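Reader: I am new to reading structures, and I would like to ask how some of the words used for them are justified. Could we look at one together?

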Amino acid sequence: MGYLVNVEPGVNVYVEDLNPEGNKTIVFIHGWPLSHKQFEYQFDVLPSMGYRCIGIDWRGFGNSDKPFGGYTLDRLADDIRAVVGTLQLKNFALVGHSTGGSIAIRYMTRYGGYGVSQLVLVDAAAPTGFTAETADRYLAQTLNDRPQMMQEVIDGFFFQYITRHFSDWFFQMGMQAAGWSTAAIIKLLREVNLYEDLPKIVDPTLIIHGIHDKVIPFSQAKELNKLIPNSQLVPFKYSGHGAFWEERDKFNQLLTQFIH
């Protein structure tokens, strides 16, 4: 079931809500420049195991409204809080992938982890995001040839082989975003610094990271593990930046073991 949730005057974000009667709720925050659809291989499986799965498209991405402004970590965390409040979510697991991991971390510190029982960070863009060099290259491409930028993102995303059709699907997902929001998040990723946030997270935290990740190096997962007090790190040995798909069976099993 999909619907729009108002997060501020004139701005609605899209929410996919599967199995609302489920025993345990998992909220998924996607990565840049994708949408909730990246978690298809979780949504296919977890609801039948009794989980309520909620995917949120950030403003500017997927099926959400695409305003020109509001692309800061604080505002994106505020959008998540608005959804949590509207849906009256309690005792849920928060899963953030890549930039979604940065948003999840900021939600935890800005709102004291309101409603969250467990945090899962997947190939998270934290404590820092893109290098200046990577950000500048992606930004120039986004503003001049966004389809070429998206293809380059896909080419470096996975460690495992993907079919042309899978690549096309990912490509279309990225192109659903607006150009301005895609560019704004690149600028955000160039400046992101979450070192002060990490020690404030007190909820049990699972860190999943592909050891072959070319987007956010595995060394950053080790830093997260060191700086988040109640955290455990599980390396994914056959994954790049897409552990949620590249080792989906292991990913789903780990998620259900951690979440209770």
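Reader: Where is Asp123 found?

Author: In this predicted model, Asp123 is found in the loop between E6 and H4.

Reader: Why is Asp123 called buried or exposed?

Author: A residue is called buried when its relative accessible area is under 20%. Asp123 has 0% relative accessibility, and therefore it counts as buried.

Reader: What is the phi of Asp123?

Author: The phi of Asp123 is near 45 degrees, which is a positive value in a residue other than glycine. As background, most residues other than glycine have a negative phi.

Reader: Which value does phi take at Gln88, and where is Gln88 found?

Author: Gln88 is not a glycine either, and its phi is positive, at about 55 degrees. Gln88 is found in the loop between helix H2 (73-87) and strand E5 (92-97).

Reader: How do you know whether Gln88 counts as buried or exposed?

Author: The word exposed asks for a relative accessible area over 50%. Gln88 has 64% relative accessibility, so it counts as exposed.

Reader: Which peptide bonds are described as cis, and what is omega in each?

Author: One cis peptide bond joins Trp32 and Pro33, with omega about -5 degrees, and another runs from Ala126 to Pro127, with omega near 0 degrees. In general, most peptide bonds are trans. Pro33 is found in the loop between strand E3 (24-29) and helix H1 (40-43), while Pro127 has its place in the loop between strand E6 (116-122) and helix H4 (132-144).

Reader: What makes the buried residues of helix H8 line one face?

Author: The buried residues of H8, which covers residues 218-227, are Phe218, Gln220, Ala221 and Leu224. Seen down the axis of H8, these buried residues fall within an arc of 150 degrees, and so they line one face of the helix. On the other side of H8, Lys222 and Lys226 are exposed.

Reader: What covers the buried residues of H8?

Author: The cover includes helix H3 (99-110), E6, strand E7 (205-210) and strand E8 (231-236).

Reader: How many cavities of 30 Å³ or more does the structure hold, and which residues line the largest cavity?

Author: The structure holds one cavity of 30 Å³ or more, and about 50 Å³ of space lies in the largest cavity. Its lining consists of Ile56, Asp57, Trp58, Arg59, Leu76, Asp79, Ile80 and Ile103. By class, five of the lining residues are nonpolar and three are charged, with no polar residue. H2 gives the largest share of this lining, three residues.

Notes. Residues numbered from 1 in each chain as written. Predicted model: local features only at pLDDT ≥ 70, side-chain atom pairs only at ≥ 80, totals over all residues. Heavy atoms only, no water. Helix = DSSP H or I, 4+ residues; strand = E, 2+ residues; numbered from the N terminus. Buried < 20%, exposed > 50% of the residue type's maximum accessible area, 1.4 Å probe, protein only. 1 Å grid on protein atoms, 1.4 Å probe; cavity = no way out; pocket = protein on both sides within 12 Å on 5 of 7 lines; lining within 4 Å. Points joined across faces, edges and corners; volume = space filled by probe spheres on them. Nonpolar A, V, L, I, M, F, W, Y, C, P; charged D, E, K, R; others polar. Arc of directions from axis to C-beta. Contact = heavy atoms within 4.5 Å.
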